[in-house]
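Trainee: Please take a close look at the aromatic pairs in this model. I would like one connected account, starting with how far the prediction can be trusted.

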Amino acid sequence: MVGSMKYRTFLIFGAPGSGKGTQGKIIGMIPGFCHLACGDVFRSLDISSGLGQSFMQYSSKGELVPDDVTISLWKEHMQKMQALGRFKPEIDHLVLDGIPRNAHQAEMLSDELDVKKIFYLRCPDINTLVHRMKRRALKDNRLDDANESIIRQRLETYEKESKSVLDFYGEDLCIRLDATQFPYEVLRDILLEMNTR
C-alpha cells in the first residue's frame with residue numbers, strides 16, 4: 001500500500017453461481033476500476049515461494065486456506081499489481097470478489113480497504129444456483145462444480161460465512177440486487193448504485 005492510503009473499494013458479494021465473477025470482470029474493464037477475484041490470487045501463485053508452499057499444504061488436502069495465509073497472499077498480490085502499474089490506488093477503485101470471505105478477514109483488511117458499497121447478488125432459489133453451477137462445470141470444465149452434493153455444501157458454507165461479513169460492514173453499505181436478472185440488467189443496477197455514492 002502506498003503510504004497510509006486505503007484502497008477505495010467496492011465488494012461484489014454473492015453465493016457461488018450468483019454471477020459475481022462475471023460482473024467483476026466487466027466492471028474491471030472500465031477505466032478507473034481494477035477487479036481482483038480471490039481465485040486469481042491463488043491461481044497466480046509461485047508454488048516454490050514460502051507462501052505458495054503454505055497455500056499448497058492446505059489446498060492439496062481440499063482444506064480452506066487459513067485467513068492469515070489468504071490475507072498475506074492478497075497483500076503480496078496487490079503490491080505486485082501496483083509495481084506493474086495494473087492498479088493505481090490514487091486513481092483506481094478496487095472491485096473485489098471472494099475476499100473478504102468472513103468477518104475475521106474483513107477485520108484483518110480494515111487498514112487496507114475503504115469499502116464504499118457492497119453489491120450483494122441475491123438468488124433466493126437455491127436450485128437456480130445449483131443449475132447455473134452445473135452448467136458452468138460443463139462449459140468451463142470445473143470439476144468442483146459438477147457434483148450436486150458438493151455444490152449444496154459450498155452454498156451452505158457460503159450462507160454461514162457471508163452473514164458475518166455483512167454484519168461487520170453494516171446494512172448501510174449493502175445494496176441487494178436480484179441475481180436472477182440478465183447479466184446486463186445486474187450490471188446496469190450496479191452502475192446506477194455506484195453513481196449515487
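Mentor: Confidence comes first, since this is a predicted model. Mean pLDDT for the chain is 85, and 89% of the residues reach at least 70. The elements vary. Strand β3 (residues 93–97) has the highest mean, 96. Helix α6 (residues 126–140) has the lowest, 74.

Now the rings. The structure contains 7 aromatic pairs. One of them joins F13 and Y120. Their centres lie 5.6 Å apart, and the planes meet at 80°. That angle makes the pair edge-to-face, because the cut-off is over 60 degrees. The two partners sit far apart along the chain: 107 residues separate them. F13 belongs to strand β1 (residues 7–14). Y120 belongs to strand β4 (residues 113–122). The contact therefore links distant parts of the chain.

Next, burial. F13 has 7% relative accessibility, so the residue counts as buried. Y120 has 4% and is buried as well. Both values fall under the 20% cut-off.

Ring pairs also build a cluster. Its members are Y7, W74 and F87.

One last check concerns the cysteines. A search of the whole structure turns up 0 disulfides. C38 is buried, at 9% relative accessible area. C123 is buried too, with 11% relative accessibility. For a disulfide, the two cysteine sulfur atoms would have to lie within 2.5 Å. No pair in the structure qualifies.

To recap the close-up: F13 and Y120 are an edge-to-face pair, with F13 buried and Y120 buried.

Definitions and conventions. Residues numbered from 1 in each chain as written. Predicted model: local features only at pLDDT ≥ 70, side-chain atom pairs only at ≥ 80, totals over all residues. Heavy atoms only, no water. Phe/Tyr/Trp six-rings, centres within 6.5 Å; stacked < 30°, edge-to-face > 60°. Helix = DSSP H or I, 4+ residues; strand = E, 2+ residues; numbered from the N terminus. Buried < 20%, exposed > 50% of the residue type's maximum accessible area, 1.4 Å probe, protein only. pLDDT = per-residue confidence, 0-100.
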